[in-house]
Amino acid sequence: MTTIGFIGLGIMGAPMSVHLVKAGFTVNGFNRTAAKAAPLVEAGGRAAGSIADAVADADVVAVMVPDSPDVRAVLAGEGGVFENAKPGALIIDFSSIRPDVTKELAEQAHVNGLRMLDAPVSGGEAGARNAALSIMVGGAAEDFEAARPVFDAVGKTVVHVGPSGSGQTVKAANQLIVASNIQALAEAVVFLRAYGVDLEAALEVLGGGLAGSAVLTQKKGNMLENTFQPGFRIELHHKDLGIVTSAAREAGVVLPAGALVAQLMASALAVGDGGLDHSALLRGVERLSGTNT
Ligand code: NAP
């Protein structure tokens, strides 16, 4: 498998496509806004003019777009992957979407003579830039094995977690943990500031104990400097917490902290912070505490 059609060259897709070129794959990338293909082209890949152009010769079709309707449009829409991919091509959907939509699209892929894995990722923009993503993969074991070289080029922890849709279920759990973690960190920051503690020193020592986390390591800079350029946008995390809360309801399980943090994320979106990095949950805690400036 040497030729990859890559659709969606945004914050995550662009650096991932660059790593695939560096690993020796031929990459034809398509992005709706053409300018975002620049890093891929600079690395030696080709900017395709359409989805059809990107996937015509592809053994693997990688997709990295925001939400369930976007993946549906890219795969099953007019001029999409199902209409244009080579028979037997393997679709790897790296996007974070609803598990039920993934399963339905994987069945449609099969009907169209294609194969599909759900392979959402974790590790943030830094993980994509450093080819150090965690990748949780759902689908057939033989397709997972076939896709290994692709995963190894962009990820560090790559695990086949079960049949189609399982990757998305694990990603939903990931987003529940990350959101709760950011909220707890944000509350700690507001608390520490209220006592005039040296915040940098406090976060350094907290990072070395049980309170340490990838969230603390990656997000403390934003919180120290009150800069929230994404990264991972609040609006995307809101989408993911919607997936978590509705899937939990369907399964009949109760996630009280998850429900609360989903509301706080919704509040951040409602007040206009949707385009900021999810570390901007800090701004919500500041609003509640009256310490926002
Ligand atoms: P992003 O920067 O917004 O990139 C999304 C890309 O998809 C854009 O280039 C966009 O094109 C394209 N796109 C959007 N809707 C489309 C459609 N209907 N048809 C075709 N192309 C479409 O988002 P991102 O941060 O890379 O996130 C992508 C996925 O990765 C999401 O599911 C997100 O939840 C997940 N994720 C993100 C992170 C992170 O830290 N950012 C971490 C883990 C997982 P335009 O340029 O034309 O808008």
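**Close-up 1. The ligand and the 24 residues that surround it.** N31, T33, K36, P66 and K239 are the closest of these residues; a residue makes the list if one of its heavy atoms lies within 4 Å of the ligand. This is a predicted model, where local features need pLDDT of at least 70, side-chain atom pairs count only at pLDDT 80 or more, and totals for chains, interfaces and linings use all residues. Residues are numbered from 1 along each chain as its sequence is written, and side-chain values use heavy atoms, with hydrogens and water left out. Sort the shell by residue type and you get 10 nonpolar, 7 polar and 7 charged. Here Ala, Val, Leu, Ile, Met, Phe, Trp, Tyr, Cys and Pro count as nonpolar, Asp, Glu, Lys and Arg as charged, and the others, Gly among them, as polar.

**Close-up 2. Polar contacts of the ligand with I11, V65 and D70.** A polar contact here is a pair of N or O atoms within 3.5 Å. A polar backbone atom of I11 sits 2.9 Å from a ligand oxygen. For V65, a backbone N or O atom is 3.2 Å from an oxygen atom of the ligand. D70 joins in with its side chain: one of its N or O atoms there is 3.1 Å from a ligand nitrogen. On its own the ligand has 900 Å² of accessible area, and the protein covers 90% of that (Shrake-Rupley method, 1.4 Å probe). Helix 4, helix 7 (124–129) and helix 12 (234–251) each give two or more residues to the shell; helices are DSSP runs of H or I with at least four residues, strands are E runs of at least two, and both are numbered from the N terminus.

**Close-up 3. Helix 4 (residues 68–76) packed with helix 6 (residues 99–111).** The angle between them is about 5°, and their axes are 11 Å apart. That makes the two helices roughly parallel, a label for angles under 35 degrees. From helix 4, S68, V71, R72, L75 and A76 meet V101, E104, L105 and Q108 of helix 6, with contact meaning heavy atoms within 4.5 Å. The residues of this contact divide into 5 nonpolar, 2 polar and 2 charged.

**Close-up 4. Two loop spots, at G231 and A131.** G231 is in the loop between helix 11 (214–225) and helix 12, and the peptide bond from P230 to G231 is cis, with omega near 10°. A131 belongs to the loop between helix 7 and strand 8 (133–138). Its phi is near 50°, a positive value in a residue other than glycine.

How values were computed. Axes fitted to C-alpha atoms, helices over the stretch in contact; angles between N-to-C directions. Parallel < 35°, antiparallel > 145°, perpendicular 65-115°, else oblique. Polar contact = N/O pair within 3.5 Å; in protein donor to acceptor, adjacent residues only side chain to side chain.
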